[in-house]
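Consider how aromatic rings and open space are arranged in a protein chain. The model shown here is a predicted one, and the paragraphs after it go through these features in turn.

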Amino acid sequence: MDEWVVRQIKESAVIGGNTKLLYEVAPTDTIVGSEPYANRGGSPWANSNVLAKVAGVVKTNTSVFPERRDEGWCARLETRWEAVKVLGLVDIEVIAAGSLFLGSMNEPIRGTKDPQSKLNNGIPFTQKPKALQFDYKIKASPEENRIRSTGFSRKGTVEGKDSLSVVLFLQKRWEDKDGNVYAKRVGTVVQRYAESTAGWVNEATYPILYGDITSHSDYKDYMRIQVEERYDKNTKGKTVPVREVGWAEPDETPTHVVLQFNSSHGGAYVGSPGNTFWLDNIKFIY
């Protein structure tokens, strides 16, 4: 997390015309202009900081930030309100959670429909590590329920306390002749956090569970197959759903890894503002 790209984007005049900063975990650089971001190499990471162009209006969202930690930097993921002001008046408010993941973002964002389809989730990966390890710190909202706000409907309440989450899936993917992508789950780690930490938790280590884990003592319903729809680009260059269809045998070799850190667990436009997830030194243990 020690190197970041800074993107300087001027929003449309109708919503204020301010210059906003977006950040990407990648070799140090500065990009000026409202151009879609494409990974330039040297980093596997993408995040929820996005450039949107809707009906000709340029808008940004920033929910992942670099922050100083000792002599280097870490990542800070936040769940926050993102407001759009038209002619100085608040017109749209949405819940924006911070997310750091392996993959890429399909910029520019053109609307709020099918938000997961904007992410190409996962990268090629054929190894079988024993565990996932990282440093983290958490500030959790005390609210007992979450807020849902897409900006295009009334704000609502979602029952249940918000959690910050970590999701690791090792998958064996394949594509049929029509370009549909399927997967079996080879390895699994899912962790949720609902309470603040006193400070940094260093070298937190989570064993990767291989094969069908439904009878494992650590299995939770949110580890199930196809727990939510994820997308990736097929060989034709089209973003399509990855249809997770079952558990792989524990000795099978994966083709892809999905790894995602989220400041809220309920999906797009759902969360508790104030949730903050700091991350550093993410690695696999062999």
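A useful place to begin is with the charges that sit over rings: Arg69 lies over the face of Trp200, at a distance of 3.8 Å from the ring centre, and the charged end of Lys137 is found over the ring of Trp278, 4.5 Å from its centre.

Rings also pair with one another, and the count of aromatic pairs in this predicted model comes to 11. In one of these, Tyr136 and Tyr193 form a tilted pair, with 4.9 Å from centre to centre and 40° between the planes. Tyr136 belongs to strand S14 (residues 131–139) and Tyr193 to strand S18 (residues 181–193), so this pair ties together parts that lie 57 residues apart in sequence; both tyrosines are buried. Phe261 and Phe277 form an edge-to-face pair, 6.4 Å centre to centre with 70° between the planes, and because Phe261 lies in strand S23 and Phe277 in strand S25, the pair joins parts that are 16 residues apart in sequence. Phe261 and Phe277 are likewise buried. Ring pairs link these four residues with Trp45, Phe134 and Tyr206 into a cluster.

Trp45 leads on to the second largest pocket, which holds about 270 Å³ of space. Of the 18 residues that line this pocket, Trp45 is among the closest to its centre, together with Met1, Asn281, Ile282 and Lys283. Strands S8 (72–78), S23 (256–262) and S25 (276–285) each supply at least two lining residues, and S25 gives the largest share, with 5 residues. The lining divides into 12 nonpolar, 2 polar and 4 charged residues.

Methods:
Residues are numbered from 1 along each chain as its sequence is written. This is a predicted model: local features need pLDDT of at least 70, side-chain atom pairs count only at pLDDT 80 or more; totals for chains, interfaces and linings use all residues. Side-chain values use heavy atoms; hydrogens and water are left out. On a 1 Å grid over the protein atoms alone, a cavity is a set of points where a 1.4 Å probe fits but cannot get out, and a pocket is an open set with protein on both sides within 12 Å along at least five of seven lines; lining residues have an atom within 4 Å of a point. Grid points are joined across faces, edges and corners, and a volume is the space filled by probe spheres set on the points. Helices (H or I, at least four residues) and strands (E, at least two) are DSSP runs, numbered from the N terminus. Ala, Val, Leu, Ile, Met, Phe, Trp, Tyr, Cys and Pro count as nonpolar, Asp, Glu, Lys and Arg as charged, and the others, Gly among them, as polar. Rings of Phe, Tyr and Trp (its six-membered ring) pair if their centres lie within 6.5 Å; planes under 30 degrees apart count as stacked, over 60 as edge-to-face and the rest as tilted. Buried means under 20% relative accessible area, exposed over 50%, partly exposed in between (1.4 Å probe, protein chains only). A charge sits over a ring if NZ of Lys or CZ of Arg is within 6 Å of the ring centre and within 35 degrees of the ring normal.
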